[in-house]
Structures are given as C-alpha cells and as structure tokens.
Amino acid sequence: MSTKPTPRVRVPAKAAAGEMIEIKTLISHEMESGQRKDAKGETIPRKIINKFSASFNGKPVFSADWHPAISANPYQSFFFKAMESGEFTFTWKDDDGSEYTAKNKLTVG
Amino acid sequence: MDFQQAGLSRRHALKAGAFAAVASLLGAKLAFADEKTVADELKKLYGDKPFAAGKIKLDVPEIAENGLVVPINIEVESPMTDADYVKAVHVYADGNPLPGIVSYSFTPACGKASAATRMRLAQTQNIVCVAEMSSGALHMAKANVKVTIGGCGG
C-alpha cells in the first residue's frame, strides 16, 4: 500500500493584527472512495480522510467533513483573522481511526 | 392487410425495444444520486425551511476536463462577527454515486467564510451549495459543471 500520509501546510509566519490570512493545506492520501472495483470485480473498501479540523490556541476555527467525492491528496484552504500570536493545530482523521496532525506557529505584531 | 399488420407489429417491436433501452438506462442511473437524493439530504438537515438566493459565491469551472480533480471555491458574504456569521456550508452533487461532497463549519475566528478544495465528479452535473447563517437563515446556490472525463475510476 501507500506510505504514511504526510501533511503539508502553508501558513504565513507573521501577520499584522486584524490581518486576514489564507491557510493552505495538503495531505497525501489516496482517498479510496469505496466505489471502485479491482481487477476481480470486487469492491475496493472505502478508506478516506473523513474530517479535517483546524484550531488556534486550542480553540476550534474551521472544520471540514469530507465525503468520498473529495479528490485524492486532498487540498483544503480557508481563512483566519490574525488577532494574537499562537499556534495552529491541524488534524486529519482517517476512516481507519488514525489521526495525522501538523502544528504551525503564527506571530502577530 | 397482411403487410400493414406486419408494419404494426414491427412498430410495436421497435417501441418495446426503445422502452427497454430507456428502462435499462434508468436502471443504470439508479446507482447515482439525483436531484431528489440531494433534496432528501437537505430535508434531513433543515426540514422544509426555504432557501434564499444570493450571498453565496460558488466558483466551479464551467467545463472540467478531468472529473477526478475539479476545483471548487466557496465564499459566503457575511461580516463574520460573533453576532452574525456563517455557521455551516454543505455542498452536494446530483450526479455522483453519493450526493455528499463536503460540509464546512466556520467560526467568527475565520474572518471570512471562504474555503477551497478539489472534488471528484463522475459526470456532467449540478453542484448545490447551501449556507446556514448563525441567525438560522438559509441560502442556496447552484452551478452546472460539464465533465469531459468522469472521475469515478469507471
């Protein structure tokens, strides 16, 4: 099978107070939809990342429930209004129960 | 007379054949979501509440060459303050095997109710996007995407 999913996140390191920043995330994952059949005609079981969530200093900011219609190596971008310095935690939840996380620091000033 | 009868029966045979073809097409289509399944999903979430137009900017390509990776960008007009913000956005497709694409939940900390991702589309179909405001107001936007190559591994 494939290697362990690796998340990649792009967050600006610095922002002015009140500035709107765009956060872009990408994670390597096949996002097997559960709709495809293998060479023997058997359905390949579904295995997707079903939830992505972002929090800042422990407070939830944004989350996305992904369905099988999300492309492989899912990309997700969203916005955040920078008010104070802190740390983002990004979490991806896999169908198999695993969780992948990434952390990014943001300095406001 | 005989000739006419033969003509009639041939017409019948053709009709029956056409009917069978349509029926088999419909049968094949049953595996996919349609407008009704999308409406049912919305009913599950919001009951019979009406959806207003406007406020949602649904940015999808008019023609997608590759149905496996179709970019989708959503932006909902809102001040995004504690008193007035976009709570949730749900996106559906009416021609995929499953109607759901993505559901977002926003908070005032986002500053802007906007998100972008990439989706798979099996065929040419409509994208339905609904937004739920913190006030309870509902908005809806639709867009049609023409898909040249489907994205369902089929």
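Here are four short exercises on this predicted model, each with a worked solution.

**Exercise 1: Walk across the sheet**

Find the order of the strands in the 10-stranded open sheet, and say which strands form its edges.

*Solution.* Start in chain A and read across: β2(A)-β8(A)-β7(A)-β4(A)-β5(A). Then carry on into chain B with β5(B)-β4(B)-β7(B)-β8(B)-β2(B), and note that the pairing is mixed. Now look at the two ends: β2 (14–15) of chain A and β2 (63–66) of chain B are the edge strands, each pairing on one side only.

Next, zoom in on one pair in chain B. Strand β4 (residues 86–93) and strand β7 (residues 125–133) of chain B run antiparallel to each other and are joined over seven bridges. To anchor yourself there, pick H90(B), whose bridge partner in β7(B) is V130(B). Finally, find what covers these strands: helix α2 (residues 35–46) of chain B lies across β4, β7 and β8 (138–149) of that chain, at about 160° to β4(B).

**Exercise 2: Buried or exposed?**

Decide whether S55(A) is buried or exposed, and list what it touches.

*Solution.* First place the residue: S55(A) sits in strand β4 (residues 49–56) of chain A. Then check its relative accessible area, which is 16%. Buried means under 20%, so S55(A) counts as buried. Last, look for its contacts beyond four places in sequence: P60(A), V61(A), E87(A), F88(A) and T89(A).

**Exercise 3: Explore the nonpolar cores**

Which residues touch the most other members of the largest nonpolar core?

*Solution.* This core has 58 residues. From chain A, pick out F62(A) and F90(A); from chain B, add I74(B), V89(B), I101(B), F106(B) and I127(B). Take I74(B) as a sample: leaving aside residues up to four places away in sequence, its contacts include L58(B), V89(B), V91(B), Y104(B) and C129(B). Another core, of seven residues, lies apart from the largest one, and V38(B), L42(B), Y46(B) and Y92(B) are among its members.

**Exercise 4: Hunt for the cavity**

How many cavities of 30 Å³ or more does a search of the whole structure find, and which residues line the largest cavity?

*Solution.* The search turns up one such cavity. The largest cavity holds about 30 Å³ of space. Its lining consists of K57(B), D59(B), N73(B), I74(B) and E75(B). Now assign the lining to strands: β1 (56–59) and β3 (70–76) of chain B each supply at least two residues. The biggest share comes from β3(B), with three residues.

Technical notes. Residues are numbered from 1 along each chain as its sequence is written. Chains are lettered from A and ligands numbered from 1 in the order in which they are written. This is a predicted model: local features need pLDDT of at least 70, side-chain atom pairs count only at pLDDT 80 or more; totals for chains, interfaces and linings use all residues. Side-chain values use heavy atoms; hydrogens and water are left out. Two strands pair if DSSP finds at least two bridges between them. Helices (H or I, at least four residues) and strands (E, at least two) are DSSP runs, numbered from the N terminus. Contact means heavy atoms within 4.5 Å. Axes are lines fitted to C-alpha atoms, for helices over the stretch in contact, and angles run from 0 to 180 degrees between N-to-C directions. A nonpolar core is a set of buried Ala, Val, Leu, Ile, Met, Phe, Trp, Tyr and Cys residues joined through side-chain atoms within 4.5 Å. Buried means under 20% relative accessible area, exposed over 50%, partly exposed in between (1.4 Å probe, protein chains only). On a 1 Å grid over the protein atoms alone, a cavity is a set of points where a 1.4 Å probe fits but cannot get out, and a pocket is an open set with protein on both sides within 12 Å along at least five of seven lines; lining residues have an atom within 4 Å of a point. Grid points are joined across faces, edges and corners, and a volume is the space filled by probe spheres set on the points.
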